[in-house]
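User: I am new to reading protein models. Can you take me through this one, feature by feature?

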Amino acid sequence: MEAKVYTEIRALFTEYLTEKKLRKTEERYAIFKEICAFPGHFDMCMLSDRLEQDNFHVSKATLYNTLDVLVDAGLVVRHQITVQSVQYELRIYADTHLVCTRCGAIRELRNSTLKADMRNLKVSRFTPEYYCLYIYGLCSKCKFKQQRSVK
């Protein structure tokens, strides 16, 4: 992530904490910084592991609470892709997701035409702020395995 973008998002986080009269703790900012280092989706275990690798020890409760704050602030999106799988990503990266119904793999779909269509979408009596689209199907690996097993 570019330093300028990180600084802007961090300022929004600080503004949110001030507005809600929440404490601006070292833990919250360390967790936020680690989240910004992820290029896409992450889950709680990945975040916890990264913080531990950096020798920054924090409780699971603090991780969950901070993620709840970031979701409420609109800076992080929570994805409940399957019953067992909860993943997160920075809202600036939330876009279109291809989800394999067999193995659960998730891939981003970067499509400029679709992005333009979504930006120009007019919805009666509603003002969209952002979107996140899920397309479910089979990834190429699962499709290949399925075709091999049929033969």
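User: How many of the residues of E3 are buried?

Analyst: Keep in mind that this is a predicted model. Strand E3 covers residues 96–100. Four of its five residues are buried, so E3 is mostly covered.

User: Which sheet does E3 belong to, and what is the strand order?

Analyst: Start with the general idea. In a regular strand the side chains alternate between the two faces of the sheet. Here, three strands form an open sheet in the order E4-E3-E5, and the pairing is mixed. Strand E4 (106–109) and strand E5 (133–137) are the edges, each pairing on one side only. On average, neighbouring strands are turned by 30 degrees against each other, direction ignored.

User: Where does the mixed pairing come from?

Analyst: Look at each neighbour of E3 in turn. E3 and E5 pair in the parallel sense, over five bridges. E3 and E4 run antiparallel, joined by four bridges.

User: Which residues stand opposite Cys 100 and His 97 in E5?

Analyst: Cys 100 faces Gly 137. His 97 faces Tyr 134. On the E4 side, Val 99 has Ile 106 as its bridge partner.

User: How many residues lie between the strands in the hairpin of E3 and E4?

Analyst: Five residues lie between them. Gly 104 in this hairpin takes a positive phi near 85 degrees.

User: What is the usual sign of phi?

Analyst: Most residues other than glycine have a negative phi. Now look for exceptions. Asn 55 has a positive phi near 55 degrees. Arg 125 also has a positive phi, near 55 degrees.

User: Where are Asn 55 and Arg 125, and are they buried or exposed?

Analyst: Asn 55 sits in the loop between helix H3 (44–53) and H4. Its relative accessibility is 60%, so Asn 55 counts as exposed. Arg 125 is in the loop between helix H5 (112–120) and E5. Arg 125 is exposed too, with a relative accessible area of 84%.

User: How many disulfides does the structure hold?

Analyst: A disulfide is a covalent bond between the sulfur atoms of two cysteines. This structure holds zero.

User: Why does Cys 100 have no bond to Cys 142?

Analyst: Check the distance. The cut-off for a disulfide is 2.5 Å between the sulfur atoms. The closest cysteine sulfur to that of Cys 100 is in Cys 142, 3.6 Å away, so it is too far for a bond. Cys 100 is buried, with a relative accessible area of 4%. Cys 36 is also buried, because its relative accessibility is 5%.

User: What describes two packed helices?

Analyst: Two numbers do: the angle between their axes and the distance between the axes. Take helix H2 (residues 26–37) and helix H4 (residues 60–72). Their axes come within 10 Å and cross at roughly 70 degrees. So H2 is roughly perpendicular to H4.

User: Which residues of H2 and H4 meet?

Analyst: From H2, they include Ile 31, Phe 32 and Ile 35. From H4, they include Leu 63, Leu 67 and Leu 70. By class, the contact has seven nonpolar, two polar and two charged residues.

User: What comes before H2, and which residues does Arg 23 touch?

Analyst: A loop lies between helix H1 (3–19) and H2, and Arg 23 is in that loop. Arg 23 counts as exposed, because its relative accessibility is 66%. Leaving out residues up to four places away in sequence, Arg 23 touches Leu 17 and Arg 28.

Note on methods: Residues numbered from 1 in each chain as written. Predicted model: local features only at pLDDT ≥ 70, side-chain atom pairs only at ≥ 80, totals over all residues. Heavy atoms only, no water. Buried < 20%, exposed > 50% of the residue type's maximum accessible area, 1.4 Å probe, protein only. Pairing = 2+ DSSP bridges. Helix = DSSP H or I, 4+ residues; strand = E, 2+ residues; numbered from the N terminus. Axes fitted to C-alpha atoms, helices over the stretch in contact; angles between N-to-C directions. Parallel < 35°, antiparallel > 145°, perpendicular 65-115°, else oblique. Contact = heavy atoms within 4.5 Å. Nonpolar A, V, L, I, M, F, W, Y, C, P; charged D, E, K, R; others polar.
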